[in-house]
Amino acid sequence: MTDHLFIKKLLYRSKNRGCKETDLLLGRFAENHLAQMCWAELDQYATILDQTDADIVSWIMGHTEVPNHLRSSMMNKLLQIKL
């Protein structure tokens with residue numbers, strides 16, 4: 001898959017999750033960061049998008065800890081979202 005196609009797919013998945021709050025949070029994050037990500041970061045972000053909306057919001061809000069297997073530089077960037 002080409003960079004451009006993979007980025008478009010990740011942007012779509014970020015903006016169309018089914019939960020308005022997560023659509024807004026991840027959509028804005030993706031718009032601002034996807035174009036600058038390397039392949040490793042894109043892969044890490046794709047793995048994050050595989051998680052449930054409830055978990056992602058809980059991690060961003062600081063209500064629960066991110067599981068060890070999901071800790072990455074990309075998760076650190078995501079956790080720095082200004083709410």
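Author: In this predicted model, helices and strands are runs assigned by DSSP, with at least four residues for a helix and at least two for a strand, numbered from the N terminus.

Reader: With that definition in hand, how many helices and how many strands are there in the protein?

Author: Following the chain from the N terminus, the elements run α-α-α-α-α. The count for the protein is therefore 0 strands and 5 helices.

Reader: How does the radius of gyration of the protein stand against what the globule rule gives for 83 residues?

Author: The C-alpha trace spans about 35 × 25 × 20 Å along its principal axes. For 83 residues the globule rule gives 12 Å, and the protein comes close to that value, so it is as compact as a globular protein of that length, with a radius of gyration of 12 Å.

Reader: What share of the contacts with a separation of 6 or more joins residues 24 or more positions apart?

Author: A contact here means that heavy atoms lie within 4.5 Å of each other. Among the contacts in the protein with a separation of 6 or more, the share that belongs to residues 24 or more positions apart is 54%.

Reader: Is D53 buried or exposed?

Author: D53 lies in helix α4, which covers residues 53-61. Buried means a relative accessible area under 20%, and the value for D53 is 16%, so this residue is buried.

Reader: Which residues is D53 in contact with, once its neighbours within four places in sequence are left aside?

Author: D53 belongs to helix α4, and the neighbours within four places in sequence are not counted here. The residues that remain in contact with D53 are R17, G18, C19 and T22.

Reader: Which helices do the buried residues of α4 pack against?

Author: The buried residues of α4 are D53, I56, S58, W59 and I60. As a general point, an α-helix has 3.6 residues a turn, so residues three or four places apart point the same way. The buried residues of α4 pack against α2 (20-33), α3 (39-49) and α5 (73-79).

Reader: Which residue follows α4, and what is its phi?

Author: Helix α4 covers residues 53-61. The residue that follows α4 is G62, whose phi is positive, near 85 degrees.

Reader: How many disulfides does the count come to?

Author: C19 is partly exposed, with a relative accessible area of 23%, and C38 also counts as partly exposed, at 41%. A disulfide requires a pair of cysteine sulfur atoms within 2.5 Å, and by this rule the number of disulfides is 0.

Notes:
Residues numbered from 1 in each chain as written. Predicted model: local features only at pLDDT ≥ 70, side-chain atom pairs only at ≥ 80, totals over all residues. Heavy atoms only, no water. Buried < 20%, exposed > 50% of the residue type's maximum accessible area, 1.4 Å probe, protein only. Rg over C-alpha atoms; globule rule 2.2 N^0.38 Å.
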